[in-house]
Amino acid sequence: FGVFAFYFSIVTFLSIFATGRYDLAILLPKEKKDAINILGLSFLILIIFTTTISIIGFLLSGFLFSFPRLDQLGNWIWIIPVLVFLLAGINIFTAWNNRNKKFGKTSFSKVLMYAGDAFSGVYIGSIKNNVQYSATGMKKIFHPDHVISSTKGWSFHGLILGKFIGLFSSFSYLTFSFFKRDRKELQHVSTGHIKEMAKEHRDFPKINMLHALTDELKTSGLSFVILAFFMERTLGIYNMTYKILRSPLSTIGNSF
């Protein structure tokens, strides 16, 4: 849980810059053609950003793996740009659906994301540790000896793969829904209009990004600090506790 918390803190931290915060501007224009150009701008920045960090990661791979905390992530470090793309892409489509009052699609995408994450993580862990799906098998899952053996076996890999499956499921659903109902709006997208929208809403990367960065440092930044001074176990306990305590507030806040 500690290594996974560290890993996903990197993903969420990078996702702040992934769209230049232009995804938040999708809700503002009165005209739908302006909004679809902001959506196009957001995805354009997202593609450029994830491609850039992939190239930088490849060129600096030797330097990155010299860090004691990053080397244990292994090849999973190359999946970070993909997760950033999926997470930011979900935010873009969510803003588009909220603008068009398609709240049901937003809700269902969240269900897919969290359900895919949770169930795939549990299933992968169960398969890895040969857990039988019976009353005896379920008791075995919560047996202290089994929990210890799980951390030595599959480790954080199942959690990362589960998160990928959850994000991919949600993004795929939102993409399919968009092209099924709104692909006709893409005819209004043009280079000139995108540049116009980028200039008109430039306060989002200039001002809002700084605000979002300082806000994210409260969570991701604290994870980095805890990991620097303590062990992964401490970060895992902190992250799980924080997640549970935030759940009721997130449910109310996100709905609002």
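**Figure 1. Where α1 meets α8 in this predicted model**. The axes of α1 and helix α8 (residues 157-181) come within 10 Å of each other, crossing at roughly 40°. That crossing makes α1 oblique to α8, because an angle between 35 and 65 degrees is neither roughly parallel nor roughly perpendicular. On the α1 side, look for F4, Y7 and F8; on the α8 side, the partners are L159, I160, K163 and L167. Sort these residues by class and you get six nonpolar, no polar and one charged.

**Figure 2. D117 of α5 and its contacts**. Here we zoom in on D117, which sits in helix α5. Is D117 buried or exposed? With a relative accessible area of 15%, D117 is buried, since the cut-off for that label is under 20%. Once residues up to four places away in sequence are set aside, D117 touches L159, G162, K163 and G166. Two of those names may ring a bell from the previous view: L159 and K163 also take part in the contact of α8 with α1.

**Figure 3. F224 of α10 beside residues from early in the chain**. F224 belongs to helix α10 (residues 203-229). Which residues does F224 contact, leaving aside its neighbours within four places in sequence? They are F6, S9 and I10. Take S9: along the chain, S9 and F224 are 215 residues apart, yet their C-alpha atoms are separated by 8.1 Å. F224 itself counts as partly exposed, at 30% relative accessibility. For a bit of context, 81% of the contacts between residues at least 6 apart in sequence join residues at least 24 apart.

**Figure 4. The crossing of α2 and α9**. In this close-up α2 and α9 pack at an angle of about 90°, and their axes are 9 Å apart. So α2 is roughly perpendicular to α9. By class, their contact has five nonpolar, three polar and two charged residues. From α2 come K33, D34, N37, I38, G40 and L41, and they meet H193, I194, M197 and A198 in α9.

**Figure 5. The two faces of α9**. Helix α9 covers residues 191-200, and its buried residues are H193, I194, M197 and A198. Why do they end up on the same side of α9? Because they cover an arc of only 140° around the axis. Part of what covers these buried residues is α2 (32-59), and H193, I194, M197 and A198 are met there by α2 residues including N37 and L41. Now for the other face: turned away from the buried side are the exposed residues T191, K195, K199 and E200.

**Figure 6. T52 of α2 and P81**. Still in helix α2, we move along to T52. T52 and P81 are 29 residues apart along the chain, with 9.2 Å between their C-alpha atoms. T52 counts as partly exposed, its relative accessibility being 37%.

**Figure 7. R21 and K101, two loop residues with positive phi**. Most residues other than glycine have a negative phi, which is what makes this pair worth a look. R21 is not a glycine, but it has a positive phi of about 65°. You'll find R21 in the loop between α1 (2-15) and α2. K101 is not a glycine either, and its phi is positive too, at about 60°. The loop that holds K101 runs between α4 (80-99) and α5 (103-128). Where do the two stand on burial? R21 is buried, at 19% relative accessible area, whereas K101 counts as exposed, at 67% relative accessibility.

**Figure 8. Stepping back to the whole protein**. The predicted model has eleven helices and zero strands, so the pattern along the sequence reads α-α-α-α-α-α-α-α-α-α-α. Of its 256 residues, 41% count as buried. The accessible surface comes to about 14,900 Å², and 68% of that belongs to carbon and sulfur atoms.

Technical notes
Residues numbered from 1 in each chain as written. Predicted model: local features only at pLDDT ≥ 70, side-chain atom pairs only at ≥ 80, totals over all residues. Heavy atoms only, no water. Buried < 20%, exposed > 50% of the residue type's maximum accessible area, 1.4 Å probe, protein only. Helix = DSSP H or I, 4+ residues; strand = E, 2+ residues; numbered from the N terminus. Arc of directions from axis to C-beta. Contact = heavy atoms within 4.5 Å. Areas by Shrake-Rupley, 256 points an atom, 1.4 Å probe, with all protein chains shown as cover. Axes fitted to C-alpha atoms, helices over the stretch in contact; angles between N-to-C directions. Parallel < 35°, antiparallel > 145°, perpendicular 65-115°, else oblique. Nonpolar A, V, L, I, M, F, W, Y, C, P; charged D, E, K, R; others polar.
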